[in-house]
Amino acid sequence: MTKVTHATAGTAGEALRQTWIEVVDTARRTTADGLVVGTSGNVSARVGDIVLVTPSGIPYDRLGPEAITGVTLDGRQVIGDLVPTSELPMHLAVYRATGAAAVVHTHAVHATAVSTLVDELPPVHYMAGILGGPPRVAEYALYGTGELAAHMLHALRGRTGCLLRNHGTLVHGDTLAQAYDRTAQLEWMCRVWLAASAVPDRTPSLLTPAQLDAAAAKLRGYGQPD
């Protein structure tokens, strides 16, 4: 089996270890917050030219330091013995196509439901601005395939998150915290739209492109200065 071949000592090794802790903590949070069930969904983070990713089929509460799993951007495993998540093609496609440092994939209930109904989440709330605009729905393809990764990249154009038809969500960010927050906001927006659209004889009001652009611009300055 593949063993560690990249630096795992000194500064580089400490960065990998600390990032792995964040990957595991984020994966456990997806379960605690009800965004995934069992071992569905997966989380990854990039450290230089290595992508640390949750392994396939291992409950998150059983992931410890010894479970660290890492691959290069071309998918060659260089850290650990556990088989990486089956959705590795999606994660690597994001890192190769964007400047993302973290990816969160879930099977969130409301987002998955929405993915079966529309081609794009209707703009019911200005928080769509944190994703670059209303998230699109990637066409369905078998999980773990290059075809699904290609559909996902198409849906992600100009966005930091998308829905996956009859599947779930894929969101990326500059940090794991940011990717997770965007994931949670996406699920919340899907829940809001489903609740509003379910009211008999009523149609949810939607934001205009100009309103979304204004909100997105304001959101870029949200929070405390660096």
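**Exercise 1. Helix 2**

Which residues are buried in helix 2?

Solution. The model worked on here is predicted, so that local features need pLDDT of at least 70 and side-chain atom pairs count only at pLDDT 80 or more, whereas totals for chains, interfaces and linings use all residues. Residues are numbered from 1 along each chain as its sequence is written, and side-chain values use heavy atoms, with hydrogens and water left out.

Step 1. Locate the element: helix 2 covers residues 88-97, where helices (H or I, at least four residues) and strands (E, at least two) are DSSP runs numbered from the N terminus.

Step 2. Apply the accessibility classes, in which buried means under 20% relative accessible area, exposed means over 50%, and partly exposed lies in between (1.4 Å probe, protein chains only).

Step 3. Read off the result: Leu88, Met90, His91, Leu92, Ala93, Val94 and Tyr95 are buried, and with 7 of its 10 residues buried the helix is mostly covered.

**Exercise 2. Ser44 and its surroundings**

Find the element that holds Ser44 and describe what surrounds this residue.

Solution. Step 1. Ser44 belongs to strand 1, which spans residues 42-47.

Step 2. Its relative accessible area is 0%, so Ser44 counts as buried.

Step 3. When neighbours within four places in sequence are left aside, the contacts of Ser44 (heavy atoms within 4.5 Å) include Val23, Val51, Leu52, Val53 and Leu176, and also His91 and Tyr95, two residues that are themselves buried in helix 2.

Step 4. The side chains of Ser44 and Tyr95 are joined by a polar contact of 2.7 Å; such a contact is a pair of N or O atoms within 3.5 Å, and within protein one must be able to donate a hydrogen and the other to accept it, while residues adjacent in sequence count only if both atoms are side-chain atoms.

**Exercise 3. Two side chains that reach a backbone oxygen**

Determine which backbone oxygen is reached by the side chain of Ser40, and which by the side chain of Thr26.

Solution. Step 1. Ser40 sits in the loop between helix 1 (10-32) and strand 1, and its relative accessible area of 16% makes it buried.

Step 2. The side chain of Ser40 reaches the backbone oxygen of Val37 at 2.8 Å, and beyond four places in sequence Ser40 is in contact with Tyr60 and His107.

Step 3. Thr26 is part of helix 1 and is buried, at 10% relative accessible area; its side chain reaches the backbone oxygen of Glu22 at 2.8 Å.

Step 4. Not counting residues up to four places away in sequence, Thr26 touches Val43, Val104, Leu176 and Tyr180, and from Thr26 to Val43, 17 residues away in sequence, the C-alpha distance is 7.2 Å.

**Exercise 4. Positive phi outside glycine**

Compare the settings of Asn166 and Asp201, each of which is a residue other than glycine with a positive phi.

Solution. Step 1. Phi of Asn166 is near 55 degrees, and this residue lies in the loop between strand 7 (161-164) and strand 8 (168-173).

Step 2. Phi of Asp201 is near 65 degrees, and this residue is placed in the loop between helix 5 and helix 6.

Step 3. In accessibility, Asn166 is partly exposed at 48%, whereas Asp201 is exposed at 83%.

**Exercise 5. The largest pocket**

What is the volume of the largest pocket, and which helices each supply at least two residues of its lining?

Solution. Step 1. The search uses a 1 Å grid over the protein atoms alone, and a pocket is an open set of points, where a 1.4 Å probe fits, with protein on both sides within 12 Å along at least five of seven lines; lining residues have an atom within 4 Å of a point.

Step 2. The volume is about 490 Å³, taken as the space filled by probe spheres set on the points, which are joined across faces, edges and corners.

Step 3. Of the 16 lining residues, Ile130, Gln178, Leu219, Arg220 and Tyr222 lie nearest the centre.

Step 4. Helix 5 (176-197) and helix 6 (209-219) each supply at least two residues of the lining, and the largest share, 4 residues, comes from helix 5.

Step 5. By class, the lining has 6 nonpolar, 5 polar and 5 charged residues, where Ala, Val, Leu, Ile, Met, Phe, Trp, Tyr, Cys and Pro count as nonpolar, Asp, Glu, Lys and Arg as charged, and the others, Gly among them, as polar.
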